[in-house]
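Got your viewer open? Let's take a walk through this one together, one selection at a time.

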Amino acid sequence: MRRAIRHCLLAVLVFASAATGAPSGTLTPPPPELPAPDQFVAKDRPGDSGNSILLTWKDPASLPAGAFFEARRTVPPAYEWAKLADVKAGVERYVDATAKDGVVYRYELRARHPDLADSMGLAGVTGPAVVSEPVASHDDWIRVERINSLVACLIFLVLLMGSIWLARRGSQLFIRRIAGLNAVDEAIGRATELGRKVLYVPGIASPGDIQTVASLAILGHVARATARYGTDLDCPNRDPLTFTSARETVHAAYQSEGRPDLFREEMVNYITYDQFAYVAAVSGRMVREKPAANFLIGHFFAEALILAETGQTTGAIQIAGTADPSQLPFFVAACDYTLIGEELYAAGAYLSREPILLGSIRGTDLAKALLLLFGLVGIVSATLGHNWAAALLKTR
């Protein structure tokens, strides 16, 4: 009986050895071991707006080709690990963008190889895991990678506020006289000679638009000239706030010239807030009353061509100005003089001599000059093989 049992056991061992394909008397080699990652650290991602954790590590030198790293996360003390991502070898960093501010996490990192078999014969060898210290995400005040943007903003603010301060102290800040400004007095003089009115359209935007602010500054200069020469002025408005500001501007201009008796409330009038109804009313005035000079200065939209073409057909001398690139071609084609882009702001500062406007123009011009100088130096430096300028301007 014992002999029969012994023979059965021997037969089972021989059958198992044949099934595994291993010759009897040999041992199955152990699966290869994957090394653990070095210097694994989990920390709050610096300089961000929160909700992210940065994982960094160093790949071990003996890592076989084809291996990758598996990152997992848990919330203590549960230690129920959840897989985050598989990271290729050589990357050595991973950002967990699904983290929540104020929540404590622990992270685990281990190497894996999909092609190697483990001790059970299953594909995919896993190395020992490395666990991080508890870490939480939070919002940061300063992003180190964008310090260059902060420095550039501070330099611009210093130039801007310094220029405004000099203008308020009474320093004579130089603003080049634009050629189109010479035509302002010429147009008003022509209207005076012909005995016809001057039409001034300050755009259709509110005073919250910087173009309207510049237009009102130019309106003050035009109103002083019409008060000086005794010429009739007509200023139709579409925006109620612009209407109020324009009336105060014209009234102050007539008082500054010592001719408050010539000012009339109807000089500055309100028509309607509807865009094309306003344009139709102004165009009708141009055709019926035929002003000798038309000023179309401010922020315009689709009505720019309608007003400019209507004024051109009446034979009036037209001076236009806007910073909207889409409307500038219409003014250039249909008007006698056009203030293009920033010339509008420079004209407003030049004519009004307002310290804030003068300082703003001078400050922005200095910033542009400094930026151009930096660009030229950077181009020369890059030509010589030094890329410090590009690295200094790089932000993330």
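**The whole chain**

Start with everything switched on: of the 396 residues of the protein chain, 39% count as buried. Keep in mind that this is a predicted model. Colour by secondary structure and you'll be looking at 11 helices and 15 strands. Now turn on the contacts between residues at least 6 apart in sequence: 67% of them join residues at least 24 apart.

**Stop one: the sheet**

Select strands 10 to 15. In what order do the six strands of this open sheet lie? Reading across, you get 12-11-10-13-14-15, and the pairing is parallel. Strand 12 (268–270) and strand 15 (337–340) are at the edges with a single partner strand each, so one side of each has no neighbour in the sheet. Look along the sheet too: neighbouring strands are turned by 15° against each other on average, ignoring direction.

Zoom in on strand 12 and its partner, strand 11 (residues 233–237). The two run parallel and are paired over three bridges. For one residue pair to click on, try asparagine 237, whose bridge partner in strand 12 is tyrosine 270.

**Stop two: helices across the sheet**

Add helix 3 (residues 182–194), which lies across strand 10 (198–201), strand 13 (293–297), strand 14 (317–322) and strand 15. Compare its direction with strand 14: helix 3 runs at about 145° to that strand. Next, show helix 9 (residues 343–352). Helix 9 lies across strands 13, 14 and 15, at about 100° to strand 15.

**Stop three: a buried serine**

Click on serine 215, which you'll find in helix 4 (residues 210–229). Is serine 215 buried or exposed? With a relative accessible area of 0%, serine 215 is buried. Leaving aside residues up to four places away in sequence, serine 215 touches Tyr200, Pro202, Ile297 and Gly298.

**Stop four: helix 10**

Select residues 355–383, and you have helix 10, with 29 residues. From first C-alpha to last, helix 10 reaches 42 Å, close to the 42 Å expected at 1.5 Å a residue. Highlight the buried residues of helix 10: Leu358, Gly359, Ile361, Gly363, Gly378 and Ser381. What do they pack against? Show helix 2 (147–168), helix 9 and helix 11 (388–393), and you have the partners of those buried residues. Here's a handy thing to remember while you rotate: an α-helix has 3.6 residues a turn, so residues three or four places apart point the same way. Just after helix 10, pick glycine 385, which has a positive phi near 95°.

**Stop five: rings**

The structure holds seven aromatic pairs. One of them is tyrosine 105 with tyrosine 107: the ring centres are 6.2 Å apart and the planes are at 45°, so this pair is tilted. Both tyrosine 105 and tyrosine 107 are buried.

Then select phenylalanine 374 and tryptophan 388, an edge-to-face pair with 5.9 Å between centres and 85° between planes. This pair links helix 10, home of phenylalanine 374, to helix 11, where tryptophan 388 sits 14 residues away. Phenylalanine 374 counts as partly exposed at 23% relative accessibility, and tryptophan 388 is also partly exposed, at 39%.

**Last stop: charges over rings**

Pick arginine 238 and tyrosine 273: the arginine's charged end sits over the tyrosine ring, 4.1 Å from the ring centre. Finish at arginine 353, whose charged end sits over the ring of tyrosine 350, 5.7 Å from its centre.

Definitions and conventions:
Residues are numbered from 1 along each chain as its sequence is written. This is a predicted model: local features need pLDDT of at least 70, side-chain atom pairs count only at pLDDT 80 or more; totals for chains, interfaces and linings use all residues. Side-chain values use heavy atoms; hydrogens and water are left out. Two strands pair if DSSP finds at least two bridges between them. Helices (H or I, at least four residues) and strands (E, at least two) are DSSP runs, numbered from the N terminus. Axes are lines fitted to C-alpha atoms, for helices over the stretch in contact, and angles run from 0 to 180 degrees between N-to-C directions. Contact means heavy atoms within 4.5 Å. The expected span of a helix is 1.5 Å times one less than its number of residues. Buried means under 20% relative accessible area, exposed over 50%, partly exposed in between (1.4 Å probe, protein chains only). Rings of Phe, Tyr and Trp (its six-membered ring) pair if their centres lie within 6.5 Å; planes under 30 degrees apart count as stacked, over 60 as edge-to-face and the rest as tilted. A charge sits over a ring if NZ of Lys or CZ of Arg is within 6 Å of the ring centre and within 35 degrees of the ring normal.
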